[in-house]
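Trainee: Could we walk through this fold together? I would like to learn how to read it piece by piece.

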Amino acid sequence: MQKEVLGIDIGGVIIDRVNDGTDTSFFGDNYLRTTAVPDAFRVIRDLVEQRFGDRVYLVSKCGKKVEKKTLHWLAHHRFHDLSGILSDNVRFCRQRHEKSGICEDLGITHFIDDRLEVLSYLTSVDSLFLFQPRYDEVRRFAQHLSRVMQVHSWQDIRQRLLS
Ligand SMILES: [Mg+2]
């Protein structure tokens with residue numbers, strides 16, 4: 001049987017967008033104070049321990065500067081200690097469609113992203129989860145909606161993947 005491998009986006013899935021437009025925005029100087037999405041660390045830990053083991057990867061699209069900030073944020077919040085995801089299991093790319101090649105290389109079978117556009121490129125991945133869908137984005141890429149499962153919180157993901 002094919003081994004299950006989980007891929008997780010970072011922006012909007014682990015690092016919360018509720019800070020956008022405030023003084024704790026990830027795009028400002030106080031990015032270490034940007035908060036995590038509620039329950040993300042805890043549910044990821046459960047996914048590692050109860051289902052996917054060391055086959056969980058973070059896959060993020062961003063520029064060089066945000067890549068550096070992201071690694072700093074993960075270290076500052078002790079993400080790897082608390083979630084159980086290995087620090088080697090983090091991949092960055094510069095374009096949204098490049099997540100597709102990364103998923104193929106890693107044999108990813110399940111992917112969680114907050115952008116329907118990104119999920120639309122992941123043709124090799126069986127189980128696609130659209131995290132906290134945004135109305136305008138969903139409308140633009142609506143023809144791909146039938147391939148994804150919409151989830152509204154990490155508790156929602158726990159329920160889908162661990163029960
Ligand atoms: Mg994202």
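Here is our conversation about the sheet, the core, one helix and one loop residue of this predicted model.

Trainee: Let's start with the sheet: in which order do the 6 strands lie?

Mentor: Happy to. The sheet is open and its pairing is parallel. The twist from one strand to the next averages 25°. Reading across, the order is E3-E2-E1-E4-E5-E6.

Trainee: Which strands stand at the edges, each with a single partner strand?

Mentor: Look at the two ends of the order, E3-E2-E1-E4-E5-E6. A strand there has a single partner, so one of its sides is left without a neighbour in the sheet. The edge strands are E3 (90-93) and E6 (148-151).

Trainee: In E3, what is the bridge partner of Lys-61?

Mentor: Strand E2 covers residues 56-61, and 4 bridges join E2 to E3. The two strands run parallel. Within E3, the partner of Lys-61 is Cys-93.

Trainee: What angle does the direction of helix H4 make with that of E2?

Mentor: H4 (residues 99-106) packs on the sheet, where it touches E1 (6-8), E2, E3 and E4 (110-113). Its direction and that of E2 make an angle of about 165°.

Trainee: Now for the interior: which element gives the most to the largest nonpolar core?

Mentor: That core has 37 residues, and Phe-111, Leu-119, Leu-128, Phe-129 and Leu-130 touch the most other members. Phe-129 is also in contact with residues beyond four places in sequence, including Val-148, Met-149 and Ile-157. Elements that each supply at least two core residues include E4, H5 (116-121), E5 (127-131) and H7 (154-162). The top contributor, with 5 residues, is H1.

Trainee: How wide an arc do the buried residues of H7 cover around the axis?

Mentor: The residues concerned are Trp-154, Ile-157 and Leu-161, which are buried in H7. An α-helix has 3.6 residues a turn, so residues three or four places apart point the same way. What covers the buried residues of H7 includes H1, E4, E5 and E6. These buried residues sit on the same side of H7 because their arc is only 50°.

Trainee: One last stop: is Asp-54 buried or exposed?

Mentor: You will find Asp-54 in the loop between H1 and E2. Asp-54 lies 6.7 Å from Ile-85, C-alpha to C-alpha, although they are 31 residues apart in sequence. The cut-off for exposed is 12 or fewer C-beta neighbours within 10 Å. Asp-54 has 12 inside that distance, so it counts as exposed.

Notes:
Residues numbered from 1 in each chain as written. Predicted model: local features only at pLDDT ≥ 70, side-chain atom pairs only at ≥ 80, totals over all residues. Pairing = 2+ DSSP bridges. Helix = DSSP H or I, 4+ residues; strand = E, 2+ residues; numbered from the N terminus. Axes fitted to C-alpha atoms, helices over the stretch in contact; angles between N-to-C directions. Contact = placed C-beta atoms within 7 Å. Core = buried A, V, L, I, M, F, W, Y, C linked by C-beta atoms within 7 Å. Buried ≥ 20, exposed ≤ 12 C-beta atoms within 10 Å, placed from the backbone. Arc of directions from axis to C-beta.
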